[in-house]
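I opened the model to go through one residue's surroundings, then the ring pairs, then a sheet. The entries follow in that order.

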Amino acid sequence: RFRFIYENGDPVGEGTAGLTINYDENEVLSTSRYTILGVDESVSVSDGKAVFSVKLGAPGTYQYVVSYSGGDAADVQAESTLTILKAYTTVSGVDVSGKPSDEKDITVTVSDQNNNSVENGTVSLTLNGKTYESNVENGKAVFTVELPSPGEYNVTVSYNGNDYYNSSNR
């Protein structure tokens, strides 16, 4: 969302705003939820406001240029940067009980900071010194583990993170 105002702080009237985002030397131009490469896009300015909806491919720092033209104010252009961070994640805790040598299926859930399922990555589960690994599919990693001798054990569960998500553990 961008605001276009006069020097006195009043919003400019009608006009057109453009947005160009550069990432890895490619221009990403968009007014939709989907990334559009190599298309010149713009939106209307109304009461000094222009709203762009851009879906960027990956976390990182993006250079962008926003412009205003065609209204009752002089044409302007400004450059800046936008930083997209990796999403934070959480993994579910694991409580398991059974007899020694029982094989148990354990499902670990991985979600982002908005409680959405993390679609992919790898989870490690460590029980009594033995580490198991499983791929995340639709927010879940499933492990089949053999229970150790009677007693209480700490289980460590770690999501290893990827290009889009930070790692987490419990």
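Entry 1. The model is predicted. I started at Asp-112 and listed its contacts beyond four places in sequence: Ala-87, Tyr-88, Thr-89, Val-118 and Tyr-165. I then looked up where the residue sits, and Asp-112 belongs to strand β9, which covers residues 103-112. Is Asp-112 buried or exposed? Its relative accessible area is 12%; the cut-off for buried is under 20%, so I noted Asp-112 as buried.

Entry 2. I searched the whole structure for aromatic pairs and got 1. The partners are Phe-4 and Tyr-68, with 5.4 Å from centre to centre and 35° between the planes, and I logged the pair as tilted. Where in the chain do the two rings come from? Phe-4 is in the loop between β1 (2-3) and β2 (15-23), while Tyr-68 is in strand β6 (residues 60-69). They are 64 residues apart, so I recorded the pair as a link between distant parts of the chain. I also checked burial: Phe-4 and Tyr-68 are both buried.

Entry 3. I went back to β9 and traced its sheet. The sheet is open, has 3 strands in the order β8-β9-β12, and is paired antiparallel. β8 (89-91) and β12 (140-146) each have a single partner strand and stand at the edges, so each has one side without a neighbour in the sheet. From one strand to the next the twist averages 20°.

Entry 4. I looked at the β9 and β12 pairing by itself. These two strands run antiparallel and are joined over 7 bridges. In this register I found Ile-106 opposite Phe-143 of β12.

Notes:
Residues are numbered from 1 along each chain as its sequence is written. This is a predicted model: local features need pLDDT of at least 70, side-chain atom pairs count only at pLDDT 80 or more; totals for chains, interfaces and linings use all residues. Side-chain values use heavy atoms; hydrogens and water are left out. Helices (H or I, at least four residues) and strands (E, at least two) are DSSP runs, numbered from the N terminus. Buried means under 20% relative accessible area, exposed over 50%, partly exposed in between (1.4 Å probe, protein chains only). Contact means heavy atoms within 4.5 Å. Rings of Phe, Tyr and Trp (its six-membered ring) pair if their centres lie within 6.5 Å; planes under 30 degrees apart count as stacked, over 60 as edge-to-face and the rest as tilted. Two strands pair if DSSP finds at least two bridges between them. Axes are lines fitted to C-alpha atoms, for helices over the stretch in contact, and angles run from 0 to 180 degrees between N-to-C directions.
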